[in-house]
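The following paragraphs offer a guided reading of a molecular structure for a reader who has not met it before. Please keep the sequence and the three-dimensional view at hand.

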Amino acid sequence: MAEVEETLKRIQSHKGVIGTMVVNAEGIPIRTTLDNSTTVQYAGLLHQLTMKAKSTVRDIDPQNDLTFLRIRSKKHEIMVAPDKECLPIVIQNPCEQ
Amino acid sequence: MEIVYVYMKKRSEFGKQCNFSDRQAELNIDIPPNPELAEQFVERNPVDTGIQCSTSMSEHEANTERFEMETRGVNHIEGGWPKDVNPLELEQTIRFRKKVEKDENYINAIMQLGSVMEHCIKQNNAIDIYQEYFDDEDAVEVTDEAPSAKTINVFRDPQEIKRPATHVSWHPDGNRKLAVAYSCLNFQRAPEGMSNESYIWDLENPNRPEITLKPSSPLVTLEYNPKDSHVLLAGCYNGQIACWDTRKGSLVAELSTIEFSHRDPVYGTIWLQSKTGTECFSASSDGQVMWWDIRKLSEPTEVVVMDITKKEQLEHALGAVSLEFESTLPTKFMVGTEQGVVISCNRKGKTPAEKIVCTFSGHHGPIYALQRNPFYPKNFLTVGDWTARIWSEDSRESSIMWTKYHMAYLTDGAWSPVRPAVFFTTKMDGTLDIWDFVFKHCDPALSLKVCDEALFCLRVQDNGCFIACGSQLGTTTLLEVSNGLCTLQRNEKNMASSIFERETRREKILEARHREMRLKEKGKTEGRDDELREELPALDLEELVAKAEEEFFDIVFKELKRKEAEAMKKKPKPVGASGHLELHACDQLDEDPGFHEL
């Protein structure tokens with residue numbers, strides 16, 4: 001339990017990270033550092049997107065599986081690590097050198 | 001061999017309705033092949049024919065019907081909570097969350113995924129994967145591409161009865177919107193039931209206008225306030241000035257009183273640069289230019305009559321069709337009139353006579369567009385009759401540069417705001433011409449047929465890339481020009497200014513010579529009687545006409561004789577052929593260029 005806390009705190013403290021959240025398999029946000037409405041929005045949308053991405057990868061090659069999903073946008077990058085239990089989501093602002 | 005088929009009908013049956021019936025095919029004539037005719041042909045061996053061994057393909061074009069799009073949003077609400085947990089109850093949700101967090105699988109998953117996530121985060125922090133490595137090399141621009149323009153969007157008048165789009169104005173911030181004024185300028189020929197509405201379009205949605213403006217009289221011009229993007233100024237067909245605030249809705253916010261407004265349609269309205277941002281002025285073909293403050297539109301703050309004899313007589317005033325004002329020269333403004341004269345005026349003149357500074361005449365018809373060059377304000381562009389002309393303020397007698405006379409009437413023109421040597425013109429046959437006079441003087445750099453009907457107005461967006469043109473059926477087309485036409489070329493400013501200077505100098509030299517010649521003639525005629533001077537012009541005209549006729553007939557006879565002589569020389573051929581020759585010679589006379597010499 002404490003390790004979970006520590007891991008999440010460490011992730012949050014990295015440079016450029018705007019927000020972290022953990023969503024469970026049903027799309028319920030378990031833990032989040034952002035406000036509720038944003039979290040709910042991210043949870044709902046990214047859950048569906050991850051499912052779609054996963055099924056795409058499996059369709060092309062049934063023995064393959066989705067390990068990580070990164071969406072780079074103009075303003076920041078959204079990273080999703082899918083698992084059958086839960087879905088950690090991190091929003092980071094990658095620094096321009 | 002005569003092949004004849006005879007149809008017969010009784011006279012009493014003429015005009016009767018047709019009774020069609022079906023019957024078997026009948027063979028009327030059968031012409032068997034005649035092998036004797038083959039003797040006139042020679043068999044050719046070998047024969048050269050081109051063959052291609054490839055799949056035969058055909059090209060078809062199809063245009064889908066216009067489909068309507070709508071944008072809708074979806075609202076997310078929380079869901080997925082199990083049935084026993086009420087998402088609105090904070091206690092229950094917290095309890096649920098705590099329960100999940102205690103699950104061992106959850107803990108393992110998080111540990112594992114956490115390390116994966118950290119790896120990616122560190123990656124992101126280490127390197128910017130979208131870094132541009134060769135930024136500085138973009139400066140070398142070789143624009144060899146041919147100028148081109150393509151249509152991006154078309155905004156059609158949603159009304160049943162189509163009205164011409166008479167004026168287009170871009171939104172001052174961000175240029176995402178277009179205000180288009182629709183009105184029928186044919187005097188009293190507006191069809192029954194024609195709507196007075198004008199629209200503001202959002203560039204993203206060409207199906208439906210974003211805002212509708214509902215005046216009491218159709219709008220001839222429409223301008224956004226460059227300081228306040230919610231306020232629009234419009235000139236109406238009945239001479240009134242109207243003002244809208246888009247935040248307040250589609251009905252007129254302010255309207256000038258009809259007694260003090262113009263008596264003719266208002267053809268030009270421009271906002272002035274003032275501290276309050278509420279001053280504007282308008283011009284109309286009744287010959288007046290009026291200054292207004294939109295906070296008080298009940299009467300104009302100032303009125304100037306466009307009378308070039310400087311006597312302030314409204315009867316002698318010239319009707320204004322276009323208005324020009326450059327904010328960098330705030331005291332001067334120019335008015336283009338229906339009579340083809342550009343009047344340059346000074347706002348700060350004490351007496352009305354001082355207001356009118358000078359005139360430039362050169363067009364044969366109304367001047368529909370008048371604009372100073374944004375880079376060199378001393379030079380301005382006028383568009384009217386069948387040409388576009390560029391003038392310099394220093395040379396009053398004639399324009400310094402002009403285009404050739406086109407086949408169609410020119411309706412509007414504008415300079416490009418980014419390139420000093422580029423300007424755009426629209427014509428009555430629906431073409432848009434893009435002129436670049438550092439590239440080519442005699443023809444437009446690019447000529448595009450935008451639509452089949454006449455184009456009435458044109459407006460370039462501030463970045464020089466987008467052009468909106470309005471047509472006679474109310475269709476506003478949005479075009480994007482190629483990069484070469486909207487980026488400043490190397491040395492272009494210098495070249496354009498040297499061209500202007502050179503042409504101005506040329507005109508000045510010509511003016512000086514003209515003046516000299518006129519002085520000389522004056523010197524000569526001062527010795528003669530007044531009467532003689534009066535009769536001479538009349539006599540001259542008749543003499544000239546008689547002389548011209550004589551010369552004309554002389555040349556005709558000479559040519560005829562020449563042709564006959566040639567025909568005689570070729571006599572040795574059989575009679576039939578020479579008969580043909582003579583006919584041919586006479587036909588040629590009609591096209592003989594000698595006729596045009598007169």
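Which side chain of chain A meets that of B:E118 in a salt bridge? The model to be examined is a predicted one. In this model the partner of B:E118 is A:R10, and the N to O distance of the salt bridge is 2.4 Å. By the rule applied here, 2 salt bridges are found across the interface of chain B and chain A.

The interface itself may be considered next. Chain A contributes 38 residues to the contact, and chain B contributes 34 residues. The size of an interface is often given as the accessible area lost when the parts come together. For chain A and chain B, the area buried between them is about 3400 Å², with 62% of it on carbon and sulfur atoms.

A pair of helices, one from each chain, takes part in this contact. Helix α1 of chain A spans residues 2-13, and helix α2 of chain B spans residues 104-126; their axes come within 10 Å and cross at roughly 20 degrees. Because angles under 35 degrees count as roughly parallel, α1(A) and α2(B) are described as roughly parallel to each other. Their crossing is left-handed. On the side of α1(A), the contact is made by A:E3, A:V4, A:T7, A:R10 and A:I11. On the side of α2(B), it is made by B:Y106, B:I107, B:I110, B:M111, B:G114, B:M117, B:E118 and B:I121. Sorted by class, the residues of this contact comprise 8 nonpolar, 2 polar and 3 charged. Both residues of the salt bridge described above, A:R10 and B:E118, appear in this contact.

Helix α2 of chain B also packs against a helix of its own chain. Helix α1(B), residues 90-102, meets α2(B) at an angle of about 70 degrees, and the axes are 5 Å apart. The two helices are therefore roughly perpendicular. Here the contact involves B:V100, B:E101 and B:K102 of α1(B), together with B:E104, B:Y106 and B:I107 of α2(B). This contact has 3 nonpolar and 3 charged residues, with no polar ones. B:Y106 and B:I107 thus belong to the contact with α1(B) and also to the contact with α1(A).

Two details of the backbone of chain B complete the account. In the segment before α1 of chain B lies B:P46, and the peptide bond from B:N45 to B:P46 is cis, with omega near 5 degrees. B:D385 is placed in the loop between β19 (379-384) and β20 (387-392) of chain B. The phi of B:D385 is near 40 degrees, a positive value in a residue other than glycine.

Note on methods: Residues numbered from 1 in each chain as written. Chains lettered and ligands numbered in written order. Predicted model: local features only at pLDDT ≥ 70, side-chain atom pairs only at ≥ 80, totals over all residues. Heavy atoms only, no water. Axes fitted to C-alpha atoms, helices over the stretch in contact; angles between N-to-C directions. Helix = DSSP H or I, 4+ residues; strand = E, 2+ residues; numbered from the N terminus. Parallel < 35°, antiparallel > 145°, perpendicular 65-115°, else oblique. Left-handed = near helix turned anticlockwise from the far one by under 90°. Contact = heavy atoms within 4.5 Å. Nonpolar A, V, L, I, M, F, W, Y, C, P; charged D, E, K, R; others polar. Buried area = accessible area lost by both parts, 1.4 Å probe. Salt bridge = Lys/Arg side-chain N within 4 Å of Asp/Glu carboxyl O.
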